[in-house]
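Biologist: Could you take me carefully through one part of this model, namely its aromatic rings and the stretches of chain around them? I would like a connected account rather than a list.

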Amino acid sequence: MASSTVIAINVDRERVALAPPDSSKSQKKKLDRFYCQTIASILNQKPTNGHDMRKLIHSVKVGVALVLVSLLYLLGPLYKRVGENAMWAIMTVVVIFEFFAGATLSKGLNRGIGTVLGGGLGCLGAAFAQAVGGVGKAIVVGIAVFIFGAGATYTRQIPNIKKKYDYGALIFILTFNLVVVSGLRADQVLELARDRLATIVMGFAICIFISLLVFPIWAGDELHHSLISRFEDLALSLEGFSKEYFENDNHREKKSSANFSSKCKSILHFKAKDESLVNFARWEPWHGKFGFSYPWGKYLKIGEDLRDLAIIILSLKGCHDQSSEILEESVKEACEGIIASLAWTIKELGESIKEMSKCRYEEMIVPKMKPVRIEVSAIVNPFALETCLENSDGLGFASFVHSLMKMVEKLEELAKEVEELGQLGGFHENS
């Protein structure tokens with residue numbers, strides 16, 4: 001057996017330094033003061049930007065909506081009228097209250113339509129099953145659940161329905177199954193469905209009232225400002241490219257390449273966000289400068305053109321890195337003028353959307369783009385072509401010029417899209 005050794009440790013109680021009674025009180029005061037200062041700093045901290053303030057407003061709105069809908073439980077007279085069905089109102093607020101007003105309205109209407117259709121058809125199915133009676137009662141319910149469940153699930157996979165009414169189809173499946181199956185055991189299925197629908201409507205009304213009337217956050221405004229910021233980023237990216245590659249070494253900015261590259265890359269990831277914002281904006285009522293028939297679909301086409309321009313700008317960097325210094329010096333001034341004109345045109349288009357003023361394509365853009373086309377064509381002169389053939393890196397120069405020509409063509413397409421947006425959106429004439 002293994003032997004164990006016990007080591008005795010003598011503790012001299014007299015040497016244990018006991019803290020005086022006053023020290024614990026002082027430490028407690030310091031902790032209280034520290035907590036108070038921390039809480040005060042959090043409360044006094046201002047949001048860094050408008051988006052943080054909107055997050056705070058949305059959080060407060062959701063809290064207020066939950067308090068109002070909870071009154072169905074907290075107040076006795078209201079609880080006696082709705083009973084346990086008040087839980088459906090709370091669930092409705094939690095599920096459909098979204099950040100943007102259009103998203104809340106979209107989800108609320110989808111939930112309402114799905115609940116009404118599912119509840120109505122569920123009541124008919126339950127009534128028919130009760131009329132059949134016996135063993136056929138369960139068979140009728142099973143057949144109804146299969147047909148409507150499979151049919152609604154199939155429709156959810158259709159792209160147009162999935163984009164706008166996917167949530168409504170999901171609620172239809174849920175409500176239909178709950179009503180038709182519970183109708184097997186409940187004698188008063190119509191009253192049950194009516195009470196649940198009433199509480200859902202209460203929750204929906206509270207959400208819509210607070211979302212649309214109390215500091216509303218519009219998806220249309222978010223989409224509009226997001227598009228404008230991308231025009232500004234593209235113009236700054238072109239200017240950053242020009243500073244990086246066509247200025248003297250003493251004046252070049254070290255971080256300009258990373259800056260314009262990161263801005264262009266960020267523009268490439270806006271497609272999903274644009275599609276969701278356009279879908280929400282179409283549900284929103286008339287607000288500010290945006291009417292009921294505002295052409296939100298044009299924002300998707302303009303966003304696609306902006307992404308194409310961002311790809312071309314990123315390709316310019318690779319093409320220029322492959323070109324020779326001799327070519328760079330020979331076309332330096334021409335390239336600087338071309339890029340400056342392109343950046344100016346992008347800024348003007350973005351300013352037109354920002355001010356919601358009509359873009360005069362024939363009067364402003366065409367006179368500016370014609371000289372640019374001439375300058376791009378002038379770059380490919382016999383000397384440049386001969387140099388391209390003699391140097392191995394001439395392919396980079398040819399690709400660079402081709403990218404500039406593609407940018408000019410894409411920018412003209414973008415200008416036409418902006419002009420059409422102004423016509424369809426009722427933009428005012430530029431004074």
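Modeller: The UniProt entry, which is unreviewed, places the feature "transmembrane region" at residues 56-75, 87-105, 138-155, 167-185 and 197-220, and what follows comes from a predicted model. Over residues 56-75 the chain is 95% helix and 0% strand, with 28 Å between the end C-alpha atoms, while residues 87-105 are 79% helix and 0% strand, with their end C-alpha atoms 21 Å apart.

Turning to the rings themselves, the structure holds 11 aromatic pairs. One of them joins F99 and F100, whose ring centres are 5.0 Å apart and whose planes stand at 90°, and because planes over 60 degrees apart count as edge-to-face, this pair is given that name. Both F99 and F100 are buried. Another pair is made by W296 and Y299, with ring centres 5.4 Å apart and planes at 45°, so this pair is described as tilted. W296 and Y299 are both buried as well, and these two residues belong, together with F290 and Y294, to one aromatic cluster.

Rings can also be approached by a charge, and two such cases can be described here. K107 lies over the face of Y167, at 5.1 Å from the ring centre, and Y167 is the residue at which one of the annotated spans, 167-185, begins according to UniProt. In the other case, the charged end of R230 sits over the ring of F270, 4.3 Å from the centre of that ring.

How values were computed:
Residues are numbered from 1 along each chain as its sequence is written. This is a predicted model: local features need pLDDT of at least 70, side-chain atom pairs count only at pLDDT 80 or more; totals for chains, interfaces and linings use all residues. Side-chain values use heavy atoms; hydrogens and water are left out. UniProt positions are given in the numbering used here, feature names are shortened, and annotations may be inferred rather than shown by experiment. Helices (H or I, at least four residues) and strands (E, at least two) are DSSP runs, numbered from the N terminus. Rings of Phe, Tyr and Trp (its six-membered ring) pair if their centres lie within 6.5 Å; planes under 30 degrees apart count as stacked, over 60 as edge-to-face and the rest as tilted. Buried means under 20% relative accessible area, exposed over 50%, partly exposed in between (1.4 Å probe, protein chains only). A charge sits over a ring if NZ of Lys or CZ of Arg is within 6 Å of the ring centre and within 35 degrees of the ring normal.
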